[in-house]
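Subject: The structure you asked for

Hi,

Here is the structure, as promised. Have a look at it first, and then read on for what turned up.

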Amino acid sequence: MKVTIFGTGYVGLVTGACLAEMGNHVVCVDIDENKVGRLRRGEIPIFEPGLEPIVRRNYANGQLEFTTDAALAVAHAQIIFIAVGTPPDEDGSADLQYVLSVARSVGRHLDRYAVIVNKSTVPVGTADRVREAVAAELAARGVEIEFDVASNPEFLKEGDAVEDCLRPDRIVIGTSSARAIALLRKLYAPFNRNHDRTVVMDVRSAELTKYAANAMLATKISFMNEIANIAERVGADVELVRQGIGSDPRIGYHFIYPGAGYGGSCFPKDVQALERTARAVGYSARLLGAVEAVNHDQKMKLFDFILSYFNGNVRGRTIALWGLAFKPNTDDMREASSRRLMEALWDAGANVRAFDPEAREEVHRLYGDRGDLVLCDSAYQALDGADALAIITEWKAFRSPDFARIRAVLKEPAIFDGRNIYEPAVVEEAGLAYYGIGRGRSV
Ligand code: UGA
């Protein structure tokens, strides 16, 4: 089938590449000429395992094209995806200017029936606004062309995006148009070979489904962080509690890992946006507010531990940081807990020596050259001259380090484990103090 995708960010690029991989002819449009040029040269602007080979292969065989030409892209397909960014507005609600600008562009160029599909995470009611924007352009042109607007939210995780996209656990299609449903069912048929994963619903329910999924996952994390904070005050170990509750299938083991808070481009933004949506319709979403507040404090957890370990004064101290990205297998620093920690350390007069397997360039882009930040080439290099070690991203490479070597290098023998990747007894046996999340020690 012929497919057009507006936006070559995370969602757009991964979706475009995976749909091309399934044999569709996909045109990806972006207004950024530089980005389109890079993609045509096979340079992938994001770090995502498995993405580069499918982009290159499908670009080489003509199944995947990149362009800045919206007219050409609209003329290409019957299915037009909108996968552009919806950054938070000043008040936390989603900013729809890019989505609506694509909608207007589609309206300016549409010359026959198409289904316009929102893949970006957009507030409930956006499909109606997209429909109005397209219709207004068609009316201005004085033409009457039939079209549908559908919602087809994306549930991919960074780091596993290609896998999630090729093997989705559900495909949500939100529209009441039989014609649009038929087209989208046909597009997704190859993803449904063993059993049908499609859930068809009205457009508003589909839009809300995306927010509900992310808000539920964020709630599980904040809930567990709250239990961790209680655990450390009552002398319990949250890791045992986690196993104890996860074994109940109604609760499950997923997303109940306590830690230094959730980050990324989705959870923080979506929880806030859903809260604003609720407020706009006269409902106060108290639970969502609490989820956000717990996470905000949790991002300061390691700093609070470090400050209390150094008796309230870290001026002139050097902290080694292992991991900077908001989670492993990505270079994404958006809302990363490491940022709050580094900024708090700098404000308090401390220095940071950091290592991350992928995020180095991104961190340099964000913070530039500064005297109180050294970006190192290896985990052990980050320890040189450091007082103590903090772990903020659970990259596999950090999981079984040489604790004796760490003990020998650090000036103050202490590890602050923001993702509970070590066993306290093992670390302590090596002569290091261990601070985990919800594992006995409290501030
Ligand atoms: C999230 C969702 O998991 C995807 O299903 C969704 O499609 C995506 O947002 C989106 O809306 O686009 P992502 O932000 O890539 O995906 O990352 P996650 O793997 O969900 O992790 C988010 C954060 O939660 C990370 O900072 C991670 O460290 C933290 N986390 C996760 C915990 O603190 N504890 C856990 O148990 C799980």
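One thing before the ligand: wherever I say domain, the bounds come from an automatic or database domain assignment. Also keep in mind that this is a predicted model.

With that in hand, the chain splits into domain 1 (2–200), domain 2 (211–296) and domain 3 (299–435). The shell around the ligand takes at least three residues from each of domain 1 (2–200) and domain 2 (211–296).

**The ligand**

Which residues are closest to the ligand? They are Glu158, Tyr257, Tyr262, Gly264 and Cys266, out of 20 residues that surround the ligand. By type, the shell comes to eleven nonpolar, five polar and four charged residues. If you go by secondary structure element, helix H9 (residues 203–234) is the biggest giver, with three residues in the shell.

**The chain as a whole**

There are 18 helices and 14 strands in the protein chain. The C-alpha atoms fill a box of roughly 75 × 45 × 45 Å along the principal axes. The radius of gyration is 24 Å, and this agrees with the value near 22 Å for a compact globule, because the chain has 443 residues. Buried residues are 46% of those 443. If you take the contacts with a separation of 6 or more, 72% of them are between residues 24 or more positions apart.

**Domain 1 and domain 3**

Taken over C-alpha atoms, the centres of domain 1 and domain 3 are 39 Å apart. The two are still in contact: four residues of domain 1 meet seven residues of domain 3. On the domain 1 side, the residues that touch domain 3 divide into two nonpolar, one polar and one charged.

There is also a database annotation to go with this part of the chain. The UniProt record, an unreviewed entry, lists residues 320–424 as "domain: UDP-glucose/GDP-mannose dehydrogenase C-terminal". In the model, that span is 30% helix and 18% strand, and its end C-alpha atoms lie 19 Å apart.

**Two backbone oddities**

Most residues other than glycine have a negative phi. Two residues here go the other way, and you may want to look at both on screen.

- Phe255 is not a glycine, yet its phi is positive, at about 60°. You'll find Phe255 in the loop between helix H10 (238–246) and helix H11 (267–280). Phe255 has 15 C-beta neighbours inside 10 Å, so it counts as partly exposed.
- Asn420 is not a glycine either, and has a positive phi of about 50°. Asn420 sits in the loop between strand S13 (414–417) and helix H18 (424–429). Here there are 22 C-beta neighbours inside 10 Å, so Asn420 counts as buried.

**Three valines to click on**

Val134, Val281 and Val352 make a handy tour. Buried or exposed: which is Val134? Val134 counts as buried, because it has 25 C-beta neighbours inside 10 Å and the cut-off for buried is 20 or more. Val134 is part of helix H6 (residues 126–141). Leaving out residues up to four places away in sequence, Val134 touches Ala103, Val106, Gly107, Ile116 and Phe147. From Val134 to Leu345 is 49 Å between C-alpha atoms, with their positions 211 residues apart along the chain.

Val281 is in the loop between H11 and helix H12 (286–298). Val281 counts as exposed because it has just 8 C-beta neighbours inside 10 Å, and the limit for exposed is 12 or fewer. Measuring aside, the computed C-alpha to C-alpha distance from Val281 to Arg370 is 45 Å, and the two are 89 residues apart in sequence.

Val352 belongs to strand S10 (residues 351–355). With 26 C-beta neighbours inside 10 Å, Val352 counts as buried. Apart from residues up to four places away in sequence, Val352 touches Ile319, Leu321, Met342, Leu345, Asp372 and Leu373. Val352 and Arg317 are 35 residues apart along the chain, and their C-alpha atoms are separated by 8.6 Å.

That's the tour. Shout if anything looks odd on your screen.

Cheers

Terms used
Residues numbered from 1 in each chain as written. Predicted model: local features only at pLDDT ≥ 70, side-chain atom pairs only at ≥ 80, totals over all residues. Near = placed C-beta within 6 Å. Helix = DSSP H or I, 4+ residues; strand = E, 2+ residues; numbered from the N terminus. Nonpolar A, V, L, I, M, F, W, Y, C, P; charged D, E, K, R; others polar. Rg over C-alpha atoms; globule rule 2.2 N^0.38 Å. UniProt positions renumbered as here; feature names shortened; annotations may be inferred.
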